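Visitor: I should like to take a close look at a single part of this structure. Please guide me through it, and then place that part in its wider setting.

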Amino acid sequence: MAIVGVSKRQPAAVVQAAIDAGLREIGENYLQEAREKLPAIVGARRHFIGHLQTNKAKAVVELFDVVQSVDRREAGVALSRAAVAAGKELEVLVQLNVSPTERFGCDPAEAGRLAEALRGLPNLRVGGVMALGPISDDRSVVERAFARAAAVLPQVGGTTLSLGMSADWRIALRAGSTMIRIGTAIFGPREAP
Ligand SMILES: *Cc1c(COP(=O)(O)O)cnc(C)c1O
């Protein structure tokens, strides 16, 4: 099981201290912030977990090792092109929408087809799926959403099931998550935007 420390709106020094204490993976949502912060941070694999704009693919490829938020073919095409130009292999996860409170993500019914298209693109490696759980006090609602995401992994391929954040990682692990994305439970409250 992997822990991605979600370091958005946390100061670089705090993130570096966590890496020095053993954190191996970090996740960022906002490209502009990552551009300013990541050059000062060393020693962790970098995951982009925010919404991907295709015109930002080049900068994302330069800064990150993994993009967890690929939810449409055009995003994959843009990342592949940028990865080829950079001479870099990029791991991608298919972001699923399993939650009515989420704007982004691919319909689980379309995920197999999307993964097949991504596998046909050079310099991309499909590592698995990512999803955000619904914001709900009803545990069974969260469990059902994570179960839906987990069921899609065999159709997508890969071994990574990136499910679970500070509020719902316990439920996610029971659903089979192999990668939890933890922000506030590691770093404390975020700075105001
Ligand atoms: C912010 C964020 C997280 C971490 O959220 P916490 O509640 O602080 O643990 C995880 N995944 C994604 C996609 C996020 O945007």
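Which residues does Glu33 touch, not counting residues up to four places away in sequence?

Guide: The model shown here is predicted. Within it, Glu33 touches Ser7, Lys8, Arg9, Gln10 and Glu28, once residues up to four places away in sequence are set aside. Glu33 itself is found in helix H2, which covers residues 31-37. Its relative accessibility is 18%, and because buried means under 20%, Glu33 counts as buried. A further distance helps to place this residue: the C-alpha atoms of Glu33 and Ile135 are separated by 25 Å, and the two residues are 102 apart along the chain.

Let us turn from the helix to the strands. Strand S1 consists of residues 2-6 and pairs with S8 in the parallel sense, over four bridges. Within this pairing, Ile3 stands opposite Ile180 in S8. Strand S8 itself, residues 179-182, is covered on both faces. Met179 and Arg181 lie on one side of S8, Ile180 and Ile182 lie on the other, and all of these are buried.

Strand S7, residues 160-163, may be described in a similar manner. Thr160 and Ser162 point one way from S7, while Leu161 and Leu163 point the other way, and all are buried. S7 runs parallel to strand S6, residues 124-131, and four bridges join the two. One residue pair can be named here: Gly128 has Thr160 in S7 as its bridge partner.

These elements belong to a chain with eight helices and eight strands. What do the overall values say about that chain? Of its 193 residues, 52% are buried. Among the contacts with a separation of 6 or more, 56% are accounted for by residues 24 or more positions apart. The radius of gyration is 16 Å, which agrees with the value near 16 Å that a compact globule of 193 residues would have. Along the principal axes, the C-alpha atoms fill a box of roughly 40 × 40 × 25 Å.

Finally, consider the surface and the charges. The accessible surface of the chain comes to about 9,000 Å², and carbon and sulfur atoms hold 53% of it. The chain carries 24 positive and 20 negative side chains, and the centres of these two sets lie 1 Å apart.

Conventions
Residues are numbered from 1 along each chain as its sequence is written. This is a predicted model: local features need pLDDT of at least 70, side-chain atom pairs count only at pLDDT 80 or more; totals for chains, interfaces and linings use all residues. Side-chain values use heavy atoms; hydrogens and water are left out. The radius of gyration is taken over C-alpha atoms; the globule rule is 2.2 Å times the number of residues to the power 0.38. Buried means under 20% relative accessible area, exposed over 50%, partly exposed in between (1.4 Å probe, protein chains only). Contact means heavy atoms within 4.5 Å. Accessible areas come from the Shrake-Rupley method with a 1.4 Å probe; for residues, only the protein chains shown count as cover. Lys and Arg count as positive and Asp and Glu as negative; His and the chain ends are not counted. The place of a charge is taken as NZ of Lys, CZ of Arg, CG of Asp or CD of Glu. Two strands pair if DSSP finds at least two bridges between them.
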